[in-house]
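Open the model in your viewer and keep the sequence panel beside it. We will go from stop to stop, selecting a few residues at a time and looking at what surrounds them.

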Amino acid sequence: MILHNLGDKSERVTLRQAVLGGQPEKPGLYMPLTIPVLPEKFYRKLPRMTLCESGFELTKAMMGDDIGDSDIAEIIARSLNFPVPLVQLEEDIHVLELFHGPTLAFKDIGARFMAALFEYLLRNETRETTVITATSGDTGSAVANAFRDLEGVRVIILFPSGRVSSIQELMLTTAGGNVTALEVDGDFDACQRLVKQAFADRELSLQLNLTSANSINFGRLFPQVFYYFYGMSQLGFTGKRVAVSVPSGNFGNLTAGVMAKRMGLGISTFVASTNANDTFARYLQSGKYEPHESIQTLTNAMDVSDPSNFRRLLYLFDDDFSKLSAHVRCYSLNDSQTLAAMDEICGKFSYTADPHTAVAYLGLKKYQETVSASGIFLATAHPVKFMNVTGNEVLNRIPVPSFIQDLKLREKKSVRLASSYEDLKSFLLSRS
Ligand SMILES: *Cc1c(COP(=O)(O)O)cnc(C)c1O
């Protein structure tokens, strides 16, 4: 496959360059030059396929020129080794649970696929690769878990001290081995600035073979199409309109959904459910993309005011605002609405939702007030992962998975770092 940089479409790269390089040199994002549409034969079989079977076919359609069948099968088996059930709450409301992976958030799917792809692409590489990533919590947990024990890869994760949930902190700091957690005196933006500076430092980034594992990486974005197909196939193809509501921050999840639609999947409408960071909602109203400062909310994995996948989303609608606004709705919901939605889901359906998932539920409800459609909302995190919001009493309703209990027995290790690039640089060089 060939990918091009949306910032400068004359810049073209291979899958290997896009995944291992992560970010283009010139500002922009990589996207495939062509997006394959799956044949009718595939759609006829889809209702009977497992998650791994359809994931295999989809990967083959996208990356089959670069990776052989048995390697694709291995990558898929390693990344999709947990269930992704669709749970019906009432006639037209379903929740697709994406949180049954090892770090209890949907980011496991992207991170695990990317790690398996890295291993495949680095097979004949003798130099060590350094993966560096900033996290507000979930990305770092998923990356630490997925890249642990990967040979020839050193993983550095920067997280804001005191600003991640206690389970997230355990996940970040107990991976050990080739994974180092850097606990930064500063907020998430400070972590991200440090990572950007490291990439801008060409000498350092060449010397360490630096690459990133953020949602900008196409290797993490693509596998998120799998669960849209699997969710739709569990729903059954009834001919009714279907809306999918996605709790959105950086819009990687939603972009993957639209990519699934471009591959031929019959989702009628996407609902971008966001918190008070309302750049996209304002964009759909005015046609103007004007990010503000980002606001802190209860759904901190979505505290993004300038979503990095916006450019990709627009591209998938041929850079045409009217096409995009015909297929994507957006609702911006505040913290008190989020808490009320958590209570409503619990009261009405005896179902416990994490706050991000509750935002998606409410977005779907708002959409269904205007259009009759069958609906799926995505559950992006397990409720115990955000007990700071859900309250400890969720433990009476939902047990903590046993592998999370085991984390508490592992040794906690992190390196404190001032929010200074010089300190980060000397840390990176001291160990290389
Ligand atoms: C990352 C994350 C999101 C936002 O996903 P994007 O792809 O960045 O839009 C939503 N919910 C949870 C729990 C997350 O970790």
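## First stop: Q224

Start by selecting Q224, which sits in the loop between α10 (218-221) and α11 (225-235). One thing to keep in mind as you look around is that this is a predicted model. Is Q224 buried or exposed? With a relative accessibility of 5%, Q224 counts as buried. Now show its surroundings: once the neighbours within four places in sequence are set aside, Q224 is in contact with F106, G252, N253 and A256.

## The ligand

Next, select the ligand and display the residues around it. There are 15 of them, and the closest are K107, D138, G249, N250 and F251. Zoom in on the oxygen atoms of the ligand and look at three of these residues in turn.

- D138 comes in through its side chain, with a polar atom 2.5 Å from an oxygen atom of the ligand.
- N250 uses its backbone, placing an N or O atom 2.8 Å from an oxygen atom of the ligand.
- F251 also has a backbone N or O atom 2.8 Å from an oxygen atom of the ligand.

## Helix α6

Stay with D138 and extend the selection to residues 138-147, which make up helix α6. How many of its ten residues are buried? The helix is mostly covered, with nine of the ten buried. Colour them to see the pattern: D138, T139, G140, S141, A142, V143, A144, A146 and F147. D138, then, is both a buried residue of this helix and one of the closest residues to the ligand.

What lies over these buried residues? The cover includes α5 (107-121), β6 (129-134), β7 (153-160), α7, β8 and α10. Show those elements as cartoons and hide the rest for a moment. Before moving on, step just past the end of α6 to D149, where phi is positive, at about 70 degrees.

## Two more positive phi values

Keep the backbone visible and select L104, in the loop between β5 (93-97) and α5. L104 is not a glycine, yet its phi is positive, at about 60 degrees. Its relative accessibility is 1%, so L104 counts as buried.

Now jump to S350, in the loop between α16 (335-349) and α17 (355-370). S350 is not a glycine either, and its phi is positive at about 50 degrees. Here the setting is open: S350 has 66% relative accessibility and therefore counts as exposed.

## The second largest pocket

Turn on a surface and select G176, G177, V179, T180 and K413. Of the 16 residues that line the second largest pocket, these lie nearest its centre. The elements that give two or more residues to this lining are α7 (166-173) and β8 (179-184). Strand β8 provides the largest share, three residues. You have met both elements already, as part of the cover over the buried residues of α6.

The pocket holds about 250 Å³ of space. Colour its lining by residue type and you will find five nonpolar, seven polar and four charged residues.

## N277 and its neighbours

Select N277, in the loop between β11 (269-274) and α13 (279-286). N277 has 6% relative accessibility, so it counts as buried. Which residues is N277 in contact with, leaving aside its neighbours within four places in sequence? They are E293, S294, I295, T297, M302, D303, V304 and S305. Look closely at I295, whose backbone nitrogen lies 2.7 Å from a polar atom of the N277 side chain.

Then add S332 and draw a distance between the two C-alpha atoms. N277 and S332 are 55 residues apart along the chain, while their C-alpha atoms are separated by 7.1 Å.

## Last stop: D66

Finish at D66, in the loop between α3 (51-63) and α4 (69-79). D66 is partly exposed, with a relative accessible area of 29%. Beyond the neighbours within four places in sequence, D66 is in contact with M1, L15 and Y120. Zoom in on M1: its backbone nitrogen lies 2.4 Å from a polar atom of the D66 side chain.

For a sense of scale, draw one more distance, from D66 to A272. These two residues are 206 places apart along the chain, and their C-alpha atoms are separated by 33 Å.

Technical notes:
Residues are numbered from 1 along each chain as its sequence is written. This is a predicted model: local features need pLDDT of at least 70, side-chain atom pairs count only at pLDDT 80 or more; totals for chains, interfaces and linings use all residues. Side-chain values use heavy atoms; hydrogens and water are left out. Helices (H or I, at least four residues) and strands (E, at least two) are DSSP runs, numbered from the N terminus. Buried means under 20% relative accessible area, exposed over 50%, partly exposed in between (1.4 Å probe, protein chains only). Contact means heavy atoms within 4.5 Å. A polar contact is a pair of N or O atoms within 3.5 Å; within protein, one must be able to donate a hydrogen and the other to accept it, and residues adjacent in sequence count only if both atoms are side-chain atoms. On a 1 Å grid over the protein atoms alone, a cavity is a set of points where a 1.4 Å probe fits but cannot get out, and a pocket is an open set with protein on both sides within 12 Å along at least five of seven lines; lining residues have an atom within 4 Å of a point. Grid points are joined across faces, edges and corners, and a volume is the space filled by probe spheres set on the points. Ala, Val, Leu, Ile, Met, Phe, Trp, Tyr, Cys and Pro count as nonpolar, Asp, Glu, Lys and Arg as charged, and the others, Gly among them, as polar. A residue is near a molecule or strand if one of its heavy atoms lies within 4 Å of it.
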